[in-house]
Amino acid sequence: MTLAEFIAALDLLAAEAPARIAAAADLDAWTEVRNALVGRQSGRLTDIMSGLGALPKEDRREAGQRANGAKAAIDDALEVRRAALAAAAPASGPTIDPTLPARARWKGAVHPVSLVIDEVVEIFRELGFTIALGPEAEHAWYNFGALNFPDDHPAMDLHDTLYLGEDQVLRTHTSPVQVRTLQQYPPPVRVLAPGNVYRRDFFDPSHAPMFAQIEGLVVDEGVSFADLKATLAHFARRFFGAGTKTRFRPSYFPFTEPSAEMDVQCGVCSGAGCSVCKQSGWVEILGSGMVHPAVLEAAGLDSERYTGWAFGMGPARTAISRHGIPDIRILYDSDVRFLDQFTR
Ligand code: DAH
């Protein structure tokens with residue numbers, strides 16, 4: 001081969017290349033054209049360059065420079081075409097932008113009172129308690145009479161109780177579930193009864209006409225006040241923390257004898273005294289007592305054979321002191337900005 005032949009081959013390639021490159025209609029066709037023109041394996045340029053060694057020594061330098069020039073021109077034209085095809089190429093499949101922030105979906109949260117109920121239920125479930133439920137529209141006998149309220153008890157007053165009719169009330173506490181449970185299931189009984197109760201109160205910072213209670217009841221042979229104390233103190237340590245101190249104060253409820261209220265040491269000030277515990281160092285958590293024999297008898301049980309203990313607590317109060325909520329009404333406003341803050 002002579003230099004002139006070598007140059008003629010390059011010129012031919014350079015003349016053909018623009019039209020072939022322009023004819024590539026998509027990126028696949030472009031790749032084929034590029035391989036055919038300048039591909040290392042079988043491209044036309046590679047083919048021509050392989051003749052370089054056969055040229056007279058003094059011509060090789062010029063031949064090499066011309067070949068490089070031709071390659072540069074073809075490469076430029078290829079790149080211009082590739083960019084144009086890439087810009088015009090329809091995206092395959094739906095276009096997604098993975099850098100876009102995801103659309104936030106509101107998942108909801110668990111109401112702070114429900115959170116307390118769930119935790120209390122869980123702790124007593126470990127001790128073998130099951131859940132019992134009763135109606136919110138309750139017969140006055142279950143709400144009062146069966147629970148040993150005397151006929152003239154002030155709680156039965158129209159001012160305190162919401163009556164639905166002569167003998168029908170909105171239950172003022174969850175204690176009627178005690179009687180309904182004992183009527184239905186023979187001892188041993190260990191139940192927890194969470195639910196809403198109603199009182200004739202107006203909404204104010206510390207009262208609501210409807211609120212939740214959790215009732216607990218244990219009835220069996222040989223159940224004693226020691227069982228009550230040990231179980232409720234255990235509950236307080238599980239719920240409020242291992243070192244939590246408790247104290248029992250004598251109290252009065254018609255349906256228990258003896259009766260006691262349980263306080264836990266104030267978690268906010270550790271007993272030193274603060275606004276949450278009204279400077280006393282203690283916060284009242286629940287009412288409790290040994291089930292009055294009259295209640296056992298009203299439910300049809302032999303009070304000589306069986307004894308029991310019971311308690312009632314207000315999970316709203318617990319939620320309020322736990323989160324430092326300044327006004328009980330916030331719990332019932334359904335304001336998403338408040339409710340959204342609570343997750344398990
Ligand atoms: N029923 C009471 C109330 O409404 C709470 C209560 C106190 C429940 C003592 C009990 C109990 O079971 O033993 O405030």
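How many bridges join strand 5 to strand 9? The legends below take that up, starting with some ground rules. This is a predicted model, where local features need pLDDT of at least 70, side-chain atom pairs count only at pLDDT 80 or more, and totals for chains, interfaces and linings use all residues. Residues are numbered from 1 along each chain as its sequence is written, and side-chain values use heavy atoms, with hydrogens and water left out.

**View 1. Strand 9 and its partners.** The count is 7 bridges, with strand 5 and strand 9 running antiparallel; strands here are DSSP E runs of at least two residues, numbered from the N terminus, and two of them pair if DSSP finds at least two bridges between them. Ile214 sits opposite Met313 of strand 9. Strand 8 also pairs with strand 9 in the antiparallel sense, over 5 bridges, and Ser288 has Phe311 as its bridge partner there. Of the 7 residues in strand 9, 5 are buried (under 20% relative accessible area, 1.4 Å probe, protein chains only).

**View 2. Who surrounds the ligand.** The shell holds 15 residues, and His173, Ser175, Gln178, Arg199 and Glu215 are the closest (a residue counts if one of its heavy atoms lies within 4 Å). Strand 5 (210–220), strand 8 (282–291) and strand 9 (307–313) each chip in at least two shell residues.

**View 3. Polar contacts of the ligand** (N or O pairs within 3.5 Å). A ligand nitrogen is 3.0 Å from a side-chain N or O atom of His173. One ligand oxygen atom lies 3.1 Å from a polar side-chain atom of Gln178, and a polar backbone atom of Phe311 is 3.3 Å from a ligand oxygen.

Notes: A polar contact is a pair of N or O atoms within 3.5 Å; within protein, one must be able to donate a hydrogen and the other to accept it, and residues adjacent in sequence count only if both atoms are side-chain atoms. Helices (H or I, at least four residues) and strands (E, at least two) are DSSP runs, numbered from the N terminus. Buried means under 20% relative accessible area, exposed over 50%, partly exposed in between (1.4 Å probe, protein chains only).
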